[in-house]
Amino acid sequence: MEDLKLRYVPTWCMGCGNYGILNALKKAISQLGVEPDQLALVTGIGCSSKISQYVNTYRIETLHGRSLPVATGVKLANHQLTVIAEGGDGDGMGLGIGHFIHTARRNLDITYIIHNNQIYGLTKGQASPTSDIGAITKFTPAPLGSVEQPINIVQMALQAGATWVGRSTAADPRLADYMVQAVQHKGFAVLDILQPCVSFNHVNTYKWYQERVYRLEEPDYDAADYAQAAAVAGQWGEKIPIGVIYRTERMTLEASLPQLAGKPLAEQPLNAVSIASLMDELA
């Protein structure tokens, strides 16, 4: 874990769930044994996306909501790299929702970690796509609060075609273990992390989650059973499931491309492909 440290000091609020996620990520990378130069961390914009500034790997902080298309480009350019995309619920379920759906159905071998605090933190507390109905913010004031149906991330991931879907919390002692499982999975893995925002979300607190989450455990729960996964994924409110919700095997996009069968594109000569005949045809 020492190898993953940088000199930059995190600027998150004291008590922010991002600290727990950062520590778990470093622990997971260490346990995986992935060399820093063999891992690319791609983030969007937001409090959660600043995590790329604090981990000593290859890292790219992209535009708001655009972490997944950039991560796709990284994976296709060098499919031997371990690629982790990371961002918040606003970043991924707002501007990035279209990219999320298409990355899931394509099943690239990418891990997507979502810091889900049900609020826009960096821009000071607007309701996000995952905010509960009735959530009171400065932009969704009382008495109605938010009137929009919230997105259930694990439910969305299942429906879109992700082949590994899990949920944890920022305070879960097994968070690093779920990260390891997500990265080791060959396919698009989505890990929804319930993360308190101590500054702008005073409802979904550490205590609020602690009173509601329960862990899915095998053999009582079969994560390979899609119907069972769909049933528990819809649970929210008084009971919130955490753990590995679904996993299955399906050919990844990069494994289906003959161009990548020999070696990564990054290692292929630039003159390997000629478009002269195409240009002649269009002349």
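Let's start with helix α6, residues 175-184, which is mostly covered: seven of its 10 residues are buried. Those are Leu175, Ala176, Tyr178, Met179, Val180, Ala182 and Val183. Please keep in mind that this is a predicted model.

Now to the sheet. It is open, with eight strands in the order β2-β1-β3-β4-β6-β5-β8-β7, and the pairing is mixed. At the edges you'll find β2, at 58-61, and β7, at 213-215; each has a single partner strand, so one side of each has no neighbour in the sheet. On average, and ignoring direction, neighbouring strands are turned by 20 degrees against each other.

Let me pick out one pair. Strand β4, residues 111-116, runs parallel to β6, residues 189-194, and six bridges join them. As an example, Asn116 has Leu194 of β6 as its bridge partner.

Helices pack here too. Helix α5, residues 153-160, touches β4, β5, β6 and β8, and its direction makes about 170 degrees with that of β5. Helix α8, residues 226-233, lies across β7 and β8, at about 155 degrees to β8.

Last stop, the cysteines. How many disulfides does the structure hold? Zero. Take Cys13: the closest cysteine sulfur, in Cys16, is 6.5 Å from its own, which is too far for a bond, because a disulfide needs the two sulfurs within 2.5 Å. Cys197 is in no disulfide either, and its nearest cysteine sulfur, that of Cys13, is 6.6 Å away. As for their surroundings, Cys13 counts as partly exposed at 40% relative accessibility, while Cys197, at 9%, counts as buried.

Conventions:
Residues are numbered from 1 along each chain as its sequence is written. This is a predicted model: local features need pLDDT of at least 70, side-chain atom pairs count only at pLDDT 80 or more; totals for chains, interfaces and linings use all residues. Side-chain values use heavy atoms; hydrogens and water are left out. Buried means under 20% relative accessible area, exposed over 50%, partly exposed in between (1.4 Å probe, protein chains only). Helices (H or I, at least four residues) and strands (E, at least two) are DSSP runs, numbered from the N terminus. Two strands pair if DSSP finds at least two bridges between them. Axes are lines fitted to C-alpha atoms, for helices over the stretch in contact, and angles run from 0 to 180 degrees between N-to-C directions. Contact means heavy atoms within 4.5 Å.
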